[in-house]
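Take a look at the model below. The walk-through starts with helix packing and ends at a pocket.

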Amino acid sequence: MIVAILLFTMASIAFLNVLSRYLFHFSFAATEEVTINLFVWLTVVGSGIAFERGGQLGMVTLYKIFPKKFKKLVILFSSGLSASLFLIVDIFTIQAIYDELTLFQATSAALEIPVWIYYIGVPILSVFVFAGIYRDAASKLDALEIKEAV
């Protein structure tokens with residue numbers, strides 16, 4: 001639902017911009033920065049969906065060769081690395097937000113929106129990434145358990 005809302009908002013902004021150029025010969029070029037930052041947020045949520053559906057990149061050929069007990073370790077290790085990567089991204093993003101709030105207090109070039117507002121979406125929406133990583137690992141481990149039981 002969040003992806004649909006973000007995508008609808010981006011498409012609406014782009015459509016209104018095209019419409020204003022055609023009808024009024026005036027461009028709302030400043031809205032491009034909003035669209036770009038919504039695209040970043042969309043990518044974060046999309047990453048969570050990809051993890052949940054098992055659509056992330058992987059070394060399936062090597063994975064299939066491993067014995068079942070080693071596959072569990074590979075799943076846990078891979079999930080741990082994925083979660084660690086997004087945790088590092090979140091830590092650096094939170095540090096950037098802190099710096100923007102306390103030191104720089106920068107605003108965006110076109111709309112003069114505080115930059116930290118654009119940044120805040122990444123750590124908040126990372127919840128979906130962590131949930132997707134967990135669900136992917138859980139489903140893969142459950143599938144291994146079912147194969148072992150059969």
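What follows covers three helix pairs, one residue and the largest pocket.

This is a predicted model. Two packed helices are described by the angle between their axes and the distance between the axes. Keep both values in mind for each pair.

Start at helix α1, residues 2–24, and helix α2, residues 32–52. Their axes lie 9 Å apart, at an angle of about 155 degrees. An angle over 145 degrees counts as roughly antiparallel, so α1 and α2 are roughly antiparallel to each other. Their crossing is left-handed. On the α1 side, the contact is made by Ile 2, Val 3, Leu 6, Leu 7, Thr 9, Met 10 and Ile 13. From α2 come Val 34, Thr 35, Leu 38, Phe 39, Trp 41, Leu 42, Val 45 and Ile 49. By class, this contact has 13 nonpolar residues, 2 polar and no charged.

One residue of that contact deserves a pause. Val 34 sits in helix α2. Its C-alpha atom is separated by 9.7 Å from that of Thr 9, and the two residues are 25 residues apart along the chain. Leaving aside residues up to four places away in sequence, Val 34 touches Ile 13, Leu 111 and Tyr 118.

Now follow α2 to another partner, α6. Here the axes are 6 Å apart and the angle is about 10 degrees. Angles under 35 degrees count as roughly parallel, and therefore α2 and α6 are roughly parallel to each other. The α2 residues in this contact include Val 40, Trp 41, Val 44, Val 45 and Phe 51. Those from α6 include Val 122, Leu 125, Phe 128, Val 129 and Ile 133. Charged residues take part too, among them Glu 52 of α2 and Arg 135 and Asp 136 of α6. The contact of α2 with α6 divides into 10 nonpolar, 5 polar and 3 charged residues. Trp 41 and Val 45 of α2 appear in the contact with α1 and in the contact with α6.

Helix α6 also packs with α4. Their angle is about 175 degrees, with axes 10 Å apart. That makes α4 roughly antiparallel to α6. This contact has 16 nonpolar, 4 polar and 8 charged residues.

Which helices supply at least two residues each to the lining of the largest pocket? They are α3 (60–65), α4 (68–104) and α6 (121–149). Of these, α4 gives the most, with 10 residues. The pocket holds about 680 Å³ of space. Its lining comprises 28 residues. Nearest its centre lie Gly 58, Met 59, Tyr 63, Ser 78 and Lys 140. By class, the lining has 17 nonpolar, 6 polar and 5 charged residues. Helices α4 and α6, then, pack together and also both contribute to this lining.

Technical notes: Residues numbered from 1 in each chain as written. Predicted model: local features only at pLDDT ≥ 70, side-chain atom pairs only at ≥ 80, totals over all residues. Heavy atoms only, no water. 1 Å grid on protein atoms, 1.4 Å probe; cavity = no way out; pocket = protein on both sides within 12 Å on 5 of 7 lines; lining within 4 Å. Points joined across faces, edges and corners; volume = space filled by probe spheres on them. Helix = DSSP H or I, 4+ residues; strand = E, 2+ residues; numbered from the N terminus. Axes fitted to C-alpha atoms, helices over the stretch in contact; angles between N-to-C directions. Parallel < 35°, antiparallel > 145°, perpendicular 65-115°, else oblique. Left-handed = near helix turned anticlockwise from the far one by under 90°. Contact = heavy atoms within 4.5 Å.
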